Structures are given as structure tokens and as C-alpha cells.
Amino acid sequence: MNTKQILSPVLFALSAILLISSCAKEVVDNADSIEKRVLDAHIKVVYKDSVTPMSTGVYVITNKKGTGRQIKEGSSFFVRYSTLDLKNNYITTSRDDIAKQVGGFSYANYYGPVLFEMSNNTLIRGLEEAFATMREGTSARIILPSWASDFGYKNSDRYHATTTVYDVE
């Protein structure tokens with residue numbers, strides 16, 4: 001056997017490996033960057049880019065301005081709310097009419113206003129930022145990305161795994 005016959009398949013195999021490995025690009029996306037792209041697309045399609053995010057990436061779409069007292073740090077206030085995904089599927093609600101409508105009503109659940117408190121790490125950071133722009137009596141939709149759903153203290157876990165929409169009143 002001559003050297004040419006031995007080297008030819010080896011060189012061919014090495015060439016093929018180099019060619020395949022040099023063309024492959026590994027794209028590394030973390031969950032936040034994927035979620036951001038999905039959220040940006042949702043805002044562009046549904047809201048025609050007519051809303052802008054707050055500093056944490058939270059969007060507030062006001063349906064009705066409230067005339068009550070300004071919600072600020074240290075405030076306690078009652079809220080009726082529903083949470084939805086970006087496809088408008090209900091996840092939770094504090095309203096019995098919606099629970100009955102979507103088939104999730106149970107007499108064992110409480111339906112009614114829920115007490116929220118600003119500060120003291122009791123409210124999700126993104127919701128706190130959104131509520132700080134509102135007055136009592138406001139009706140709004142808050143689009144909350146998961147990265148703004150922690151409680152604002154060191155090593156706080158995220159409350160939501162993905163973007164969640166809050167309809168509040």
C-alpha cells in the first residue's frame with residue numbers, strides 16, 4: 001500500500017470535518033432575549049408601537065384615568081384584577097363574572113378586591129412601578145415581562161416565568 005492511498009481518505013475526512021464545523025454557527029439566546037423579542041413583536045402587532053415601556057420594560061395601557069388619590073410608596077389599595085397570557089387566555093382572576101365566563105369558577109375561591117401594598121417587598125417590582133403612575137379608580141392593562149416580576153430585593157425569585165398581562169381596576 002502506498003502513502004497516497006492511506007493519506008487520501010484521511011485528508012478527505014479532515015476536510016469534511018473542517019468544512020462542516022466551520023459553517024455551523026451556534027447561536028446562544030437566553031430566555032430573556034427570546035422573551036423580549038416575542039414581547040416586542042406583540043407590542044408592534046397588537047398596539048402598533050403606540051405604547052412605550054417604562055424603565056423596567058413594563059407597559060401600561062390606561063383604559064380609564066382614576067380621579068382618586070395618587071398611589072405612592074406606603075399606600076395600600078384594593079384591586080380587582082385578572083392575569084392573562086399574550087394570547088389573551090385567562091390565567092387567574094379576582095372577578096367572579098370572568099371566572100364563570102371562562103369556566104374556572106369555584107365556590108371555594110374568593111372573588112373580590114385584593115389588598116395590595118406598595119413597598120415592603122410585598123408587590124412585584126414591575127407592578128409597583130406601574131401602580132406608582134396611577135390614581136385610585138384607574139382601569140389599565142399592565143404588560144409585565146418576567147424579568148420585572150421579582151420582589152425587588154437581593155436574590156428574589158421571579159414570580160412569573162413568562163410575560164404576563166394584568167387587567168386591573
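**Group meeting: a walk through the model**

Let me start at Val168: setting aside neighbours within four places in sequence, Val168 is in contact with Val79, Arg80, Tyr81, Phe131, Met134, Thr138, Ser139, Ala140 and Ile142. Before I go on, hello everyone, and please keep in mind that this is a predicted model.

So where does Val168 belong? Val168 is among the residues with the most contacts inside the largest nonpolar core, together with Leu127, Phe131, Ile142 and Tyr166. That core has 19 residues. Which elements supply it with two or more residues each? They are strand E2 (76-79), helix H4 (125-131), strand E6 (139-144) and strand E7 (164-168). A second core, separate from this one, has nine residues, including Ile43, Tyr47, Leu84 and Ile143. As general background, nonpolar side chains in soluble globular proteins tend to be buried together.

Let me step back to the overall layout. The protein has four helices and seven strands. Read from the N terminus, the order is α-α-β-β-β-β-α-β-α-β-β. The chain has 169 residues, and 33% of them count as buried. About 11200 Å² is exposed, with carbon and sulfur atoms supplying 56% of that area. Then there is sequence separation: taking the contacts with a separation of 6 or more, 63% are between residues 24 or more positions apart.

Now for the pockets. The largest pocket has a volume of about 240 Å³. Its lining has 14 residues, and the ones nearest the centre are Tyr81, Phe116, Ile124, Tyr159 and Tyr166. You have met two of those names already: Tyr166 came up in the largest core, and Tyr81 is one of the contacts of Val168. Strand E3 (81-84) and strand E5 (114-117) are the elements that give two or more residues to this lining, and E5 provides the largest share, three residues. How does the lining divide by class? There are nine nonpolar, four polar and one charged residues.

The second largest pocket holds about 170 Å³ of space. Here is the lining, for those following on the structure: Tyr90, Ile91, Thr92, Thr93, Ser94, Ala99, Val102, Gly104, Asn109, Tyr110, Tyr111 and Val114. Two elements give two or more residues to it, strand E4 (90-93) and helix H3 (96-102). The largest share comes from E4, with four residues. By class, this lining has seven nonpolar, five polar and no charged residues.

Let me stay with one of those lining residues, Tyr111. Tyr111 sits in the loop between H3 and E5. Is Tyr111 buried or exposed? Its relative accessible area is 17%, under the 20% cut-off, so Tyr111 counts as buried. What does Tyr111 touch, apart from neighbours within four places in sequence? The contacts are Thr93, Ser94, Arg95, Asp96, Ala99, Gly104, Phe105 and Ser106. As for Ala99, its C-alpha atom is 8.8 Å from that of Tyr111, and the two residues are 12 apart along the chain.

Another loop residue I'd like to show you is Arg135, between H4 and E6. Its relative accessibility is 38%, and Arg135 therefore counts as partly exposed. Beyond residues up to four places away in sequence, Arg135 touches Gly66, Gly68, Arg69, Gln70 and Ile71. Take Arg69 from that list: Arg69 and Arg135 are 66 residues apart in sequence, yet their C-alpha atoms are 5.5 Å apart.

Last stop, the backbone. Most residues other than glycine have a negative phi. Where does this model have positive values in residues other than glycine? Asn88 is one of them, with phi near 65°, and Asn155 is another, with a positive phi of about 65°. Asn88 lies in the loop between E3 and E4, while Asn155 is in the loop between E6 and E7. How accessible are they? Asn88 is partly exposed, at 44% relative accessibility. Asn155 reaches 69%, over the 50% cut-off, so Asn155 counts as exposed.

If you'd like to retrace the tour on your own screen, begin again at Val168 and its contact with Phe131, then go on to Tyr166 at the largest pocket and to Tyr111 at the second largest. Thanks for listening!

Definitions and conventions:
Residues are numbered from 1 along each chain as its sequence is written. This is a predicted model: local features need pLDDT of at least 70, side-chain atom pairs count only at pLDDT 80 or more; totals for chains, interfaces and linings use all residues. Side-chain values use heavy atoms; hydrogens and water are left out. Buried means under 20% relative accessible area, exposed over 50%, partly exposed in between (1.4 Å probe, protein chains only). Contact means heavy atoms within 4.5 Å. Accessible areas come from the Shrake-Rupley method with a 1.4 Å probe; for residues, only the protein chains shown count as cover. A nonpolar core is a set of buried Ala, Val, Leu, Ile, Met, Phe, Trp, Tyr and Cys residues joined through side-chain atoms within 4.5 Å. On a 1 Å grid over the protein atoms alone, a cavity is a set of points where a 1.4 Å probe fits but cannot get out, and a pocket is an open set with protein on both sides within 12 Å along at least five of seven lines; lining residues have an atom within 4 Å of a point. Grid points are joined across faces, edges and corners, and a volume is the space filled by probe spheres set on the points. Ala, Val, Leu, Ile, Met, Phe, Trp, Tyr, Cys and Pro count as nonpolar, Asp, Glu, Lys and Arg as charged, and the others, Gly among them, as polar.
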